[in-house]
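Please read this briefing alongside the sequence and the coordinates. The points are grouped by topic.

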Amino acid sequence: MCCLQRMIDTAPLLQSKPNLTANVKLLEDVSIANLCKIFTNGALVLFDRILTNTTQPSHAISAIVVSMVLVALWPNLISGQGDDDQKCMPKADDSRGSPLTQIAYLGSFTIHFGAQIWMTFVSGLALYFSLPRHTFGLIQEVLFPKYFTLGTGLSTISLVSFVELRRSTRPELAARNLAHWDSVDLLQIAALAITASLELFVRLYLAPPMLRLMHEKHRIEAQASIGQEVGQFDGAGNGSLERSRHYKATHKKFRQIHMATAILNMVSLTCTCVHLLYLATRVTI
């Protein structure tokens, strides 16, 4: 955790933001309405700073998502029944579960897998080798948070609906502890849970500092009239950037977080492919 905190801590590399309220003129006639307006604006600024400059909201969102998953899995987490207790139970019939649950499961998984393939192998590479770096960065600034937010939501829906469908098609699993589920089912639950966890982690803890570092890089490069070239650029060939320790440190930390994000995205895609293989061996047309 200490290494992670040092990696995502961008405060020493970023310039302090100007105090916007310092230039506001004092009102000659302060009324109750003006005081309420000032208080409201101050509260909004404070709320924005808490959301953007602290990790507490990220911790809260993580706790909420984990709690939702635990609520869905709770009956199978606290049950102590195993295989021996289920021998006398009747086998599942040909029930396929609720149609709405099936739609949620198949829809969330297919949309998620398609989004992963598009962002990883099509959109990112096509834009990177076609647009100026700063333009590409601005596009990724919009797409990155939405991509990982969408992935977290869809993979969580896939996980919860998959467990619910397994309970529906095999009623004997409803009261059985997860430790006594089939190993194949446990592998799928683990794959979907890892996918959701990694995407949530990237969205809350890696994407925000990476985007802040990107803005700082763009600011420094713009002052040196750099940023309109296509493809990779690390400052080589530009004297001012090569001499700037601040730029080198910012670029290095940006690359570290970006590499960690790419690795976790590939791990998430691998877990999705594991579940895709599971579906491919069971689908009959």
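What follows covers the annotated segments, two of the helices, a loop residue and the cysteines.

The model is a predicted one, and the values below should be read with that in mind. An unreviewed UniProt entry places the feature "transmembrane region" at five stretches, residues 59-77, 103-131, 143-163, 186-206 and 257-280, and the structure holds 0 disulfides.

**Annotated segments**

- Over residues 186-206, one of the stretches that the UniProt entry lists as "transmembrane region", the chain is 100% helix and 0% strand, with its end C-alpha atoms 28 Å apart.
- Residues 257-280, which are also among the stretches in that record, are likewise modelled as 100% helix and 0% strand, and here the end C-alpha atoms lie 34 Å apart.

**Helix 5 and its bend**

- Helix 5 runs over residues 133-169, and its 37 residues reach 51 Å from the first C-alpha to the last, which is close to the 54 Å expected at 1.5 Å a residue.
- Although that span is close to the expected value, helix 5 bends by about 30 degrees at Gln 140.

**His 218 in helix 6**

- His 218 is found in helix 6, which comprises residues 183-223, and it counts as buried because its relative accessibility is 12%, under the 20% cut-off.
- When its neighbours within four places in sequence are left aside, His 218 is in contact with Arg 133, His 134 and Gly 137, and these three positions fall within the range 133-169 assigned to helix 5.

**Ser 225 in a loop**

- Ser 225 is found in the loop between helix 6 and helix 7, the latter spanning residues 239-243, and it is exposed, with a relative accessible area of 68%.
- Most residues other than glycine have a negative phi. Ser 225, although it is not a glycine, has a positive phi of about 60 degrees.

**Cysteines without a disulfide**

- Why do Cys 271 and Cys 273 not form a bond? The sulfur of Cys 271 has its closest cysteine sulfur in Cys 273, at 9.3 Å, which is too far for a bond, since a disulfide requires the two sulfur atoms to be within 2.5 Å.
- The relation also holds from the other side, as the cysteine sulfur closest to that of Cys 273 is the one in Cys 271.
- The surroundings of these cysteines are described by their accessibility: Cys 271 counts as buried at 12% relative accessibility, whereas Cys 273 is partly exposed, with a relative accessible area of 33%.

Terms used: Residues numbered from 1 in each chain as written. Predicted model: local features only at pLDDT ≥ 70, side-chain atom pairs only at ≥ 80, totals over all residues. Heavy atoms only, no water. Buried < 20%, exposed > 50% of the residue type's maximum accessible area, 1.4 Å probe, protein only. Helix = DSSP H or I, 4+ residues; strand = E, 2+ residues; numbered from the N terminus. Contact = heavy atoms within 4.5 Å. Expected span 1.5 Å × (residues − 1). Bend = angle between axes of the 7 residues up to and from the residue. UniProt positions renumbered as here; feature names shortened; annotations may be inferred.
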